[in-house]
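User: I should like a close look at one part of this structure, set in the context of the whole chain. Please give the account in one connected piece, with the supporting values.

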Amino acid sequence: MVNGFTKLNHVSGNFVKNFPMWLYVVRLFRETGSIHRKSGSGRPTKRTPETVENVREIMQDNPHTSLRRLSQQVDLSYST
C-alpha cells in the first residue's frame with residue numbers, strides 16, 4: 001500500500017519535471033490573459049486546396065497509386 005507521503009512525493013516530482021512548462025503557461029497568461037496558443041504559431045500546413053485537388057486528380061486517374069508514389073508526385077513527405 002502506498003502511503004500519503006509517497007503519493008505527495010510522486011506528484012511533486014512530476015511538478016518539478018514539468019516546471020519549465022508551468023513557467024511558460026504563467027508567462028503566456030500574464031502576457032495575453034489566456035493560456036491558448038497564439039494564432040499563427042506552430043508548424044505551417046502543407047495541405048492547401050491545390051495540393052488536395054492534385055491528390056484527388058491523381059487518385060481518380062489511378063486509384064491503385066501507392067502512397068509512396070503519390071507523395072513523390074505531389075512533392076510531399078510520405079507522412080504528410
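The part in question is helix H3, residues 49-61. Which residues does threonine 51 contact, leaving aside its neighbours within four places in sequence, and which residues does valine 55 contact on the same terms?

Analyst: The model is a predicted one, and a brief account of the whole chain comes before the helix itself. The chain holds four helices and zero strands, and its pattern along the sequence reads α-α-α-α. Of its 80 residues, 10% count as buried. The chain exposes about 7500 Å², of which carbon and sulfur atoms supply 57%.

Confidence deserves mention before any detail. The mean pLDDT of the chain is 80, with 79% of the residues reaching 70 or more. Helix H3 has the highest confidence in the chain, at 92, whereas helix H1 (residues 4-17) has the lowest, at a mean of 59.

Within H3, the account may start from threonine 51, which is found in this helix. Threonine 51 has a relative accessible area of 17%; because this value lies under the 20% limit, the residue counts as buried. Once neighbours within four places in sequence are left aside, threonine 51 is in contact with Lys46 and Leu76. Leu76 recurs further on, since it is also listed among the contacts of serine 71.

Valine 55 is likewise a residue of H3. Its relative accessible area is 25%, so it is classed as partly exposed. With neighbours within four places set aside, valine 55 is in contact with Leu70 and Val74. Across the 16 residues of sequence that separate valine 55 from serine 71, the C-alpha atoms of the two are 8.9 Å apart in space.

Serine 71 belongs to helix H4, which covers residues 67-73. A relative accessible area of 11% makes serine 71 buried. Its contacts, leaving aside neighbours within four places in sequence, are Leu76, Ser77 and Tyr78. Leu76 is thus in contact with threonine 51 of H3 and with serine 71 of H4.

A second residue of H4 adds to the picture of the two helices. Glutamine 73 is found in H4 and, at a relative accessible area of 47%, is partly exposed. Not counting residues up to four places away in sequence, glutamine 73 touches Ile58 and Thr65. Ile58 falls within the residue range of H3, 49-61. The C-alpha atoms of glutamine 73 and asparagine 54 are separated by 9.0 Å, with the two positions 19 residues apart along the chain.

The segment after H4 (67-73) contains aspartate 75. This residue has a positive phi, near 60°, although it is not glycine. Aspartate 75 has a relative accessibility of 66% and therefore counts as exposed.

To return to H3, the helix also carries a salt bridge. Arginine 56 pairs with glutamate 53, and the closest N and O atoms are 3.3 Å apart. The two residues lie three places apart in H3, about one turn of the helix. An α-helix has 3.6 residues a turn, so residues three or four places apart point the same way. Neither partner is classed as buried: arginine 56 has a relative accessibility of 44% and counts as partly exposed, while glutamate 53 is partly exposed at 34%.

A search of the whole structure finds two salt bridges, and the other pair offers a parallel in helix H2. There, glutamate 31 forms a salt bridge with arginine 27, again with the closest N and O atoms 3.3 Å apart. These partners are four residues apart in H2 (residues 19-32), and are therefore separated by about one helical turn. Arginine 27, at 43% relative accessibility, counts as partly exposed. Helix H2 has 14 residues and spans 20 Å from its first C-alpha to its last, close to the 20 Å expected at 1.5 Å a residue. Glycine 33 follows H2, with a positive phi near 80°.

In summary, H3 includes a buried residue, threonine 51, in contact with Lys46 and Leu76, and a partly exposed one, valine 55, in contact with Leu70 and Val74. The same helix holds the salt bridge between arginine 56 and glutamate 53.

Key: Residues numbered from 1 in each chain as written. Predicted model: local features only at pLDDT ≥ 70, side-chain atom pairs only at ≥ 80, totals over all residues. Heavy atoms only, no water. Salt bridge = Lys/Arg side-chain N within 4 Å of Asp/Glu carboxyl O. Buried < 20%, exposed > 50% of the residue type's maximum accessible area, 1.4 Å probe, protein only. Contact = heavy atoms within 4.5 Å. Expected span 1.5 Å × (residues − 1). Areas by Shrake-Rupley, 256 points an atom, 1.4 Å probe, with all protein chains shown as cover. pLDDT = per-residue confidence, 0-100.
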